[in-house]
Amino acid sequence: MKHRKIPRTMSTQHPDNATLPFFAEAAQLSGDDEVEEAYYVFSHLGVEEQMWDCEGKEVDAYVVNKLLTRYPEFFKEKVLGKDVFLTLRVPNPDIEKAEAKFLLETLESIPRSYDTARLFYEEVKPGKELAEETKKKNFLEKKWAPIFEVILPMTTSATQLEMISEYYSHFVAGKENMKIGRYETTVGEWIGEIWPKEIEIIPLVEDASHLVTIDRLIKEFINRNRPEYLRVFLARSDPALNYGIVAATLLVKLALFKLEQVEKETGVGLYPILGVGSVPFRGHLTPKTVDKVLNEYRGCHTFTIQSAFKYDNPPFEVSRAIEKIKKTSRKKA
């Protein structure tokens, strides 16, 4: 997979921390605190990715605009969507019926974030492109977007992933080709082209039956869609709550092994993400246990950096541990 970096670390919002971050008023971050956290983990801790959780709570839909306008010097050097990443976690409409329509609102925000970021980067990088067409190519091809991935929780089928992908392609990006009522004008002519044209979906698999059979789910998706690569998110905390710590550990190890086999069979690069917390039953990833966790789940590519990891330890220890994760290569499951 040549055209992008796959992060080794993903910051997530889990209020498992005892120490409040210096920029927050409560353990449950909200509003501008979440924007501040995204900048903090990128700029001070060295985390490469922030999960922007749009599931089951109010969320700031203008996060890209706020990040770029508040911290322009940082984002001039670290391009959002190329060097650091915002990844949306959306409601699963098959499970969370009350939140289903919020999925559609969230998908509609992706092109708006693209327009905001495109204008920002075209303004802050004058003269760096050889010609206007080079600048246009960099920003208007499918090689770049500030947000281009969404995480689907409680994934149980390939169809769930395809429904979101198809909805976005046809009804969000695709509506630029539709004519407006009785007029000949298309939506794209009226409001401008809509980018990105496609998004990538990350399945988050959480229950025992689908962790055990994850190879079937992923092979079905690959066979029908032939992606260049696929990130697969494995839950570690909820399985421990539901089935116990030993079962959760074995489920994740089995899933990592099966994903490795699917990768060999299909030739499609798979990049597992592990949702691991700091307390022992949730995976025991702390700055002091990084080596043990990297060895325990050696087939994993991306590790979540949750709130207790980030805020219950000295910042220099946190950043040093994150750097160790980034420098350690993924190994055979």
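This structure holds 11 aromatic pairs. It is a predicted model, and the aromatic rings are a good place to start the tour.

**Aromatic pairs**

One of these pairs joins Tyr 114 and Trp 144, and the arrangement is tilted: the centres are 5.4 Å apart, with 50° between the planes. The two partners come from distant parts of the chain, 30 residues apart: Tyr 114 belongs to helix H4 (residues 100–124), while Trp 144 sits in the loop between helix H5 (132–140) and S4. Tyr 114 counts as buried because its relative accessibility is 0%. Trp 144 is buried too, with a relative accessible area of 8%.

Tyr 167 and Phe 171 make another tilted pair, at 5.3 Å centre to centre and 35° between the planes. These two residues are four apart in helix H6, so about one helical turn separates them. Tyr 167 is partly exposed at 24% relative accessible area, and Phe 171 is partly exposed at 47%.

There is also an aromatic cluster, formed by Tyr 39, Phe 42, Tyr 71, Phe 74 and Phe 75.

**Charges over rings**

Two contacts bring a charged side chain over an aromatic ring. Arg 4 lies over the face of Phe 85, 4.8 Å from the ring centre. The charged end of Lys 197 sits over the ring of Trp 195, at 4.4 Å from its centre.

**Around strand S5**

Trp 195 leads on to a backbone feature: its peptide bond to Pro 196 is cis, with omega near -5°. Pro 196 is placed in the loop between helix H7 (187–191) and strand S5 (200–205). Glu 198 lies in the loop between H7 and S5 as well, and is partly exposed with a relative accessible area of 46%. Measuring from C-alpha to C-alpha, Glu 198 and Pro 146 are 13 Å apart in space and 52 residues apart in sequence.

Is strand S5 enclosed or open? Five of its six residues are buried, so S5 is largely enclosed by the rest of the structure. S5 pairs with S4 in the parallel sense over four bridges, and Pro 203 in S5 is the bridge partner of Leu 152. S5 also pairs with S6, again in the parallel sense, over two bridges. There, Leu 234 in S6 is the bridge partner of Val 205.

**Positive phi in loops**

Two residues other than glycine have a positive phi, and here they are side by side.

| Residue | Phi | Loop | Relative accessibility |
|---|---|---|---|
| Met 154 | near 55° | between strand S4 (149–152) and helix H6 (158–173) | 26%, partly exposed |
| Arg 226 | about 45° | between helix H9 (214–225) and strand S6 (229–235) | 47%, partly exposed |

**A nonpolar patch on the surface**

Which residues make the nonpolar surface patch of about 560 Å²? Leu 241, Ile 245, Val 246, Leu 250, Val 279 and Phe 281 build it. Helix H11 (residues 245–266) gives the most to this patch, with three residues. Val 279 is placed in the loop between strand S7 (269–275) and helix H12 (290–296). With a relative accessible area of 38%, Val 279 is partly exposed, and it clears the cut-off for patch residues because that asks for over 30%.

Key: Residues numbered from 1 in each chain as written. Predicted model: local features only at pLDDT ≥ 70, side-chain atom pairs only at ≥ 80, totals over all residues. Heavy atoms only, no water. Patch = residues over 30% accessible without salt bridge, like charges linked within 9 Å, V, L, I, M, F, W, Y side chains within 5 Å. Areas by Shrake-Rupley, 256 points an atom, 1.4 Å probe, with all protein chains shown as cover. Salt bridge = Lys/Arg side-chain N within 4 Å of Asp/Glu carboxyl O. Buried < 20%, exposed > 50% of the residue type's maximum accessible area, 1.4 Å probe, protein only. Pairing = 2+ DSSP bridges. Phe/Tyr/Trp six-rings, centres within 6.5 Å; stacked < 30°, edge-to-face > 60°. Lys NZ or Arg CZ within 6 Å of the ring centre and 35° of its normal.
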